[in-house]
Amino acid sequence: MTITTEFLIRSPSLPLVGLAESLPSRQIECVHGLCLEHDARVFVIYLEPTDDVSVNDLSALDEVVEITELGRASGKDVYQITIKLEEILSEAFAPERFAAAQIEPTVVTPDGWYENKLFENYSTFNGFKDRCEDYGIPIELISISQNPPSSNESSLYGLTDRQHEALTLAISRGYYESPRQTSTAELAEEMGISQPSMSSLLRRGERQLLTSTLGPHPHLNTLSR
């Protein structure tokens with residue numbers, strides 16, 4: 001099971017945000033590239049020709065340490081730039097800590113970075129989000145959706161895809177923790193269904209899991225003599 005997420009990263013430390021604010025288009029398309037060092041990353045950026053950005057303009061940015069002009073593609077000016085990240089960003093975004101795939105280019109705006117990424121599961125995304133917030137980098141979730149599970153993930157216990165999705169979300173949000181970290185109403189809102197429907201999905205999924213594990217009529221051994 002994987003999940004597709006869309007979110008906004010807000011931080012004054014993010015590179016290129018100041019440049020985006022100065023452009024008529026107010027945005028830059030950016031593809032994250034090679035990690036040269038712990039605090040040095042290679043990006044490929046796409047700029048509107050009408051923004052009239054030159055190599056000298058990019059060189060003047062404090063965070064940019066190297067620039068290669070790549071030409072024009074899809075009607076946009078393309079540059080490869082090496083950026084030195086501030087320490088807080090290099091720690092928060094350490095690539096070895098999270099497994100996530102970039103689905104679409106990052107859109108850099110004056111508000112921050114709009115990201116569309118694929119994560120292994122809800123827990124992986126939550127770990128990414130928690131780590132960023134631990135470093136004072138807020139993550140504003142715009143949308144999150146679960147991709148269809150592989151056939152053996154849900155069919156192994158006879159769960160429907162919807163039951164599997166509901167139970168997985170509940171576990172990732174701490175619904176089964178003590179004390180509970182979320183409510184069925186909050187889970188229902190994430191899945192776009194009513195609270196009674198969410199409760200029903202969880203009950204039916206829980207029953208199916210127990211039935212498939214213990215059998216339809218488990219034998220109970222009494223301790224009394």
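This report walks through the nonpolar core, the salt bridges and one buried strand residue of a predicted model.

## The nonpolar core

A good place to start is the inside of the protein. The largest nonpolar core has 47 residues. Within this core, the members that touch the most others are Leu16, Ile28, Ile45 and Phe93.

Let us take Ile45 and look around it. Setting aside neighbours within four places in sequence, Ile45 is in contact with Leu16 and Ile28, two residues that also stand among those touching the most other core members. The contacts of Ile45 further include Glu29, Cys30 and Leu58, along with Asp77, Val78, Tyr79 and Ile81. Keep Asp77 and Glu29 in mind, as both return below.

## Salt bridges

How many salt bridges does the structure hold? There are eight. One of them brings us back to Asp77, whose side chain meets that of Arg72 with 2.9 Å from N to O. Are these two partners buried or exposed? Asp77 counts as buried because its relative accessibility is 16%, and the cut-off for buried is under 20%. Arg72, by contrast, has a relative accessible area of 57%, so it is exposed, the cut-off being over 50%.

Another bridge joins Glu115 and Lys117, with the closest N and O atoms 3.7 Å apart. Here both Glu115 and Lys117 are buried.

## A link across the chain, and a network

Next come Arg173 and Glu190, whose side chains form a salt bridge at 2.6 Å, N to O. This pair connects distant parts of the chain, the two residues being 17 residues apart. Arg173 sits in the loop between α6 (161–172) and α7 (184–191), while Glu190 belongs to helix α7. Arg173 counts as buried, at 16% relative accessibility, whereas Glu190 counts as partly exposed, at 32%.

Some salt bridges share partners, and in this way Glu29, Glu48 and Lys76 are joined into one network. Glu29 is the residue you met earlier among the contacts of Ile45.

## Phe43 in strand β3

To finish, find strand β3, which covers residues 40–47. Phe43 lies in this strand. Is Phe43 buried or exposed? With a relative accessible area of 3%, Phe43 is buried, because the cut-off is under 20%.

You can also compare positions along the chain with positions in space. Phe43 and Ile67 are 24 residues apart in sequence, and their C-alpha atoms are 9.8 Å apart.

Definitions and conventions. Residues are numbered from 1 along each chain as its sequence is written. This is a predicted model: local features need pLDDT of at least 70, side-chain atom pairs count only at pLDDT 80 or more; totals for chains, interfaces and linings use all residues. Side-chain values use heavy atoms; hydrogens and water are left out. A nonpolar core is a set of buried Ala, Val, Leu, Ile, Met, Phe, Trp, Tyr and Cys residues joined through side-chain atoms within 4.5 Å. Buried means under 20% relative accessible area, exposed over 50%, partly exposed in between (1.4 Å probe, protein chains only). Contact means heavy atoms within 4.5 Å. A salt bridge is a side-chain nitrogen of Lys or Arg within 4 Å of a carboxyl oxygen of Asp or Glu. Helices (H or I, at least four residues) and strands (E, at least two) are DSSP runs, numbered from the N terminus.
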